[in-house]
Amino acid sequence: MWENLDVTLKKAGQDQLKKKPAQDELGFGKHFTDHMFLMKWDKQNGWHDAEICPYHQFQVDPAAMVFHYGQAIFEGMKAYKGEDGQIFLFRPKDNFERMNVSATRLCMPRLPVDKVFKALKALVYLEREWVPSGDGATLYIRPTMIAMEPTLGVKPSSLYYFYIIMSPVGAYYPEGFNPTKIYITDKYVRAVEGGVGNVKTAGNYAASLLASQEAKDAGYTQVLWLDACERKYIEEVGTSNIFFRIKDTVITPPLHGSILGGITRDSVIKLVNHWDISIEERKISIDEVVSASQDGSLQEVFGTGTAAVISPVGELFYKGEKYIINNGQTGALSHRLFEELQGIQYGRKEDPFKWTLRVG
Ligand SMILES: *Cc1c(COP(=O)(O)O)cnc(C)c1O
C-alpha cells in the first residue's frame, strides 16, 4: 500500500522496536509507537521529505521561532480497534481541514489534506499492533506543526516541520462513566472574538493552566470559561465543548470565533437532530443556567471532545455556590450519546453519516 504515496518508508529495525505497555499501564500520552510521520516545509520546495520513519528526537536550534513566538498548532484524533480486530478512524479529514484553519490563522503553510490523510492511514496500518483492544482504549493520534526557523524576529517562520506521533491510551472512564465537577471562573478568560480561541494552537493551553490549577486546588476537575467581554455567556469547558439540556431542549453556544469547533460537538449536533430532539446553537448566559438549576428545569450538562467523547457534569461551582445537576448522576441523553458515538467509532453501530473509515 506504500507504492502510490510520495512518502519514503524507513522501517525501524527489529532491535529498535519498543516493548508495548500493558493494558493497565497505558495512561494518557505517556508511551509512543515505533514510527512517526514527518515532513518539512520551506519557501523554495513547499512540503518535502515526507517520510514514515522510526520515532525519534529532533535537533532544534534554541532560536527556533516556535520557542519564542509560539507558532505551534496541533490536532487530536483516535484510531479504534473493533471486535474483529478491524481498525477505524473517526472523521479524520475533518481534523486535517481544521488544522488548515489553524495554519491560516497563524500564518503557517497549509497541509495537502489528501496526501497527509493517506500517510496517516499507512502509518496507522504499519502500527496496527499498537492499537489497544478493549472498550474505551484507543490509539491517540497527535498531528503537530511547528516553526523551525532560527531567527529572533517577529514574523512568520520560513521553515516548518509537520509530524504525526501516536500513543496508545487507556479508557477515559476506567471506573465507569462518572460525572465531573466543574469550576466556573470569572477571574480568567480563555479567548476573545478576533483572537485565536477557535484554533488549536499551543498558547491557548499554556494560558489555561493557571485557572485549571486553581480549580483543581479547590477540588474541581475542569474550568468552565465565560466570554471575555461580559463574563456572562458560556463558552466551553477545559478542552471540551459544552451542552445543556433545559426543558427537553439541548443548547450549546454558537461558534463565533472564540470557541473551538469540536468534531465531537458537530457529531452530537447531527445525532441529536437525527433523533428529532430539539437543539439550539445560541448564546446561553450563566444566569440562565443558574435559574434553570434553581427552578429544576436544568436536566443535564455534558462536555464533548475526542478524549472523553461525552463528559457528564454533576456539579457546577459559581461565585461561591454549588449547583448539583441531576443529583450528581449521568443523564439519559449523555448516556445515549456516549453509547451511540462509541458504538459508531468502534464499528459496532450503524454509521448513518459515514463518519468512520476503515484502515487496511
Ligand atoms: C480539541 C478541543 C475541543 C474538542 O474538539 P474535538 O474535535 O471534539 O476533539 C474543544 N475545545 C478545545 C479548546 C479544544 O482544544
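Student: Where is Ser 157 placed in this structure?

Tutor: In this predicted model, Ser 157 belongs to the loop that joins strand 7 (138-147) and strand 8 (159-169).

Student: Is Ser 157 buried or exposed?

Tutor: A residue counts as buried when its relative accessible area is under 20%. Ser 157 has a relative accessible area of 4%, so it is buried. A polar atom of its side chain also lies 2.6 Å from the backbone oxygen of Leu 159.

Student: Which element contains Cys 53, and why does Cys 53 count as buried?

Tutor: Cys 53 is part of strand 3 (residues 46-54). The same cut-off applies: buried means under 20% relative accessible area. Cys 53 counts as buried because its relative accessibility is 3%. As for spacing, Cys 53 and Leu 89 are separated by 36 residues in sequence and by 21 Å in space, C-alpha to C-alpha.

Student: How should the length of a helix be read, and what span does helix 8 have?

Tutor: The expected span is 1.5 Å times one less than the number of residues. Helix 8 (residues 332-345) has 14 residues and should therefore span 20 Å; its end C-alpha atoms are indeed 20 Å apart, in agreement with that value. Helix 3 (residues 113-126) also has 14 residues, and from first C-alpha to last it reaches 20 Å, close to the 20 Å expected.

Student: How many residues of helix 8 are buried, and which residues are they?

Tutor: An α-helix has 3.6 residues a turn, so residues three or four places apart point the same way. In helix 8, ten of the 14 residues are buried, so this helix is largely enclosed by the rest of the structure. The buried residues include Leu 333, Leu 337, Phe 338, Leu 341 and Ile 344, and also Glu 340, Gln 342 and Gln 345. After helix 8 comes Gly 347, with a positive phi near 75°.

Student: Which residues of helix 3 are buried?

Tutor: They are Val 113, Val 116, Phe 117, Ala 119, Leu 120, Ala 122, Leu 123, Val 124 and Leu 126.

Student: Where does the ligand sit, and which residues come nearest to the ligand?

Tutor: The ligand occupies the largest pocket. Among the 14 residues around the ligand, those that come nearest are Lys 200, Tyr 205, Glu 236, Thr 264 and Thr 306.

Student: What polar contacts does the ligand have with Glu 236, Thr 264 and Thr 306?

Tutor: A side-chain N or O atom of Glu 236 is 2.6 Å from a nitrogen atom of the ligand. For Thr 264, a side-chain N or O atom is 2.6 Å from a ligand oxygen atom. Thr 306 likewise places a polar side-chain atom 2.6 Å from an oxygen atom of the ligand. On its own the ligand has 380 Å² of accessible area, and the protein covers 96% of that.

Definitions and conventions. Residues numbered from 1 in each chain as written. Predicted model: local features only at pLDDT ≥ 70, side-chain atom pairs only at ≥ 80, totals over all residues. Heavy atoms only, no water. Helix = DSSP H or I, 4+ residues; strand = E, 2+ residues; numbered from the N terminus. Buried < 20%, exposed > 50% of the residue type's maximum accessible area, 1.4 Å probe, protein only. Near = heavy atom within 4 Å. Polar contact = N/O pair within 3.5 Å; in protein donor to acceptor, adjacent residues only side chain to side chain. Areas by Shrake-Rupley, 256 points an atom, 1.4 Å probe, with all protein chains shown as cover. 1 Å grid on protein atoms, 1.4 Å probe; cavity = no way out; pocket = protein on both sides within 12 Å on 5 of 7 lines; lining within 4 Å. Sits in = over half its atoms within 2 Å of the grid points.
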